[in-house]
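Here is a quick, friendly tour for anyone meeting this structure for the first time. Take a look at the chain below, and then we'll start from one helix and work outwards.

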Amino acid sequence: MDNTLFGVKDLDIYVVASIIIVFGIAEVIAGYLHRSKRTKSDWIQEVGGFLVLSQLIKPAIVIAVFFIGKTLLPDYLYVFGDWSLWMMLPFYLLIDDVLQYWYHRSAHEYEWLWKYHRPHHQAEEMGFLVSYRNAAFYYMIMPNIWWVGIVVFLGGAKGVALGLILKQLVIIGSHSTIKWDSFFYKHKFLNPVITLLERIIITPAFHHAHHGKSMADNISDPNGNYGNMFSLWDQLFGTAKYTRQFPTDYGLVNDPKDKWTASYFYPVVKSDKSGSEIAADYKRENTTTLEPAKVELEPNTTYLFCQCGYSKNQPFCDGSHQGSKFKPMPFEVKRKTKARLCNCKHSKTSPFCDDSHLKL
Ligand code: FES
């Protein structure tokens with residue numbers, strides 16, 4: 001297993017460590033620590049999560065892939081060893097990235113997987129360390145980490161090493177509070193550069209929007225912008241939202257503030273907070289009714305109409321749709337209006353009631 005890159009052994013480890021140190025120092029200088037709202041539990045999850053992932057989970061998965069590969073498919077060991085770095089790099093990166101897009105998207109669309117990804121969205125502020133904040137089990141079954149092991153087994157260690165450097169640069173950069181893309185938005189003559197860049201890689205504005213608390217700010221889209229390194233998949237599969245702006249509120253709408261032990265070790269450790277999605281007795285309930293909701297709506301306000309039927313604040317969204325394929329419908333009214341909003345979720349004129357509930 002030779003990961004010597006450009007004549008330097010373990011170059012990927014040195015470069016990735018340098019990227020982390022540079023972003024860490026830049027965030028500190030930019031006042032990140034001074035203004036940080038992070039609790040002790042946040043730090044444990046992020047720093048601890050990073051150490052366990054890099055020192056335990058990733059190496060263990062690569063060892064497991066080699067063990068399984070040598071036992072079941074010994075002829076495939078280093079079978080692509082004669083591929084050039086420039087063939088192996090796109091092979092590794094493109095498959096890695098599309099796997100990550102669908103894994104990440106599934107983590108927002110399937111309730112069981114959402115529970116392992118949820119800690120990532122409990123962060124109330126951004127920072128490069130947020131990149132490593134997920135439950136341990138989320139990483140254990142992450143297809144990308146297994147893909148790293150498979151490509152190395154097939155003889156692509158150099159491609160993986162260079163790919164990991166590029167990936168970490170983009171991922172750390174897109175989670176960081178150092179919003180490097182803002183510089184490009186401010187200067188009109190740089191517009192073509194950032195227009196091209198944001199169509200290829202994930203920029204901080206693009207990814208921060210994914211971490212924003214609610215679509216009501218017309219910037220955030222917690223159920224979109226799923227990409228990891230390339231924005232290609234979001235554009236291709238219709239989940240891209242470009243605003244070039246940054247949310248002011250990050251995190252979950254209704255965060256029960258689980259202890260870090262529950263967030264990280266779920267399902268082995270469950271939350272003791274009532275109503276938490278990772279509490280032992282949690283059950284998602286249908287809150288639709290066969291009566292429309294009579295509400296008074298104000299102009300110049302973005303309302304989020306619940307489409308999933310799980311909100312405890314019907315007919316409006318309270319974030320309970322996470323872990324389902326639904327997302328809220330933003331809407332506004334032109335003048336102060338008394339309205340009947342659909343509460344059965346069958347109206348064809350949503351968010352407004354069209355009496356479909358009478359036919360149910
Ligand atoms: S709670 Fe958000 S769409 Fe239902």
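## One helix and its neighbours

Let's begin with α7, whose buried residues pack against α3 (40-72), α4 and α8 (157-175). Keep in mind that this is a predicted model.

Which residues of α7 are buried? Helix α7 covers residues 143-153, and its buried residues are V148, G149, I150, V151, V152 and F153. Just past the end of α7 comes G155, with a positive phi of about 105 degrees.

## The cores

Several of those α7 residues turn up again in the largest nonpolar core, which has 16 residues. Within this core, the residues touching the most other members are Y92, I150, V151, V152, F153, V160 and A161. As for where the core comes from, α3, α4, α7 and α8 each supply at least two of its residues.

That isn't the end of the story: there is a second, separate core, made of 12 residues. Among them are A205, Y226, M229 and F246. As a bit of background, nonpolar side chains tend to be buried together in soluble globular proteins.

## Two domains

Now for the domains. The domain assignment gives domain 1 as 11-181 and domain 2 as 285-360. How far apart are the C-alpha centres of domain 1 and domain 2? Those centres lie 38 Å apart.

The two domains do meet: five residues of domain 1 are in contact with four residues of domain 2. On the domain 1 side, α4 (85-109) and α5 (111-121) each supply at least two of the residues that touch domain 2. Sorted by class, that side of domain 1 has two nonpolar, one polar and two charged residues. Helix α4 therefore shows up twice in this tour, since α4 supplies at least two residues of the side touching domain 2 and is also one of the helices that the buried residues of α7 pack against.

## The whole chain

Time to zoom out. The chain has 13 helices and four strands, and its C-alpha trace spans about 70 × 50 × 40 Å along the principal axes. A compact globule of 360 residues would have a radius of gyration near 21 Å, and the chain, at 22 Å, agrees with that.

Buried residues account for 38% of the 360 residues. Looking at contacts between residues at least 6 apart in sequence, 67% join residues at least 24 apart.

Key. Residues are numbered from 1 along each chain as its sequence is written. This is a predicted model: local features need pLDDT of at least 70, side-chain atom pairs count only at pLDDT 80 or more; totals for chains, interfaces and linings use all residues. The radius of gyration is taken over C-alpha atoms; the globule rule is 2.2 Å times the number of residues to the power 0.38. A residue is buried if 20 or more other C-beta atoms lie within 10 Å of its own, exposed if 12 or fewer, and partly exposed in between; C-beta atoms are placed from the backbone. Two residues are in contact if their C-beta atoms, placed from the backbone, lie within 7 Å. Domain bounds come from an automatic or database domain assignment. Ala, Val, Leu, Ile, Met, Phe, Trp, Tyr, Cys and Pro count as nonpolar, Asp, Glu, Lys and Arg as charged, and the others, Gly among them, as polar. A nonpolar core is a set of buried Ala, Val, Leu, Ile, Met, Phe, Trp, Tyr and Cys residues joined through C-beta atoms within 7 Å.
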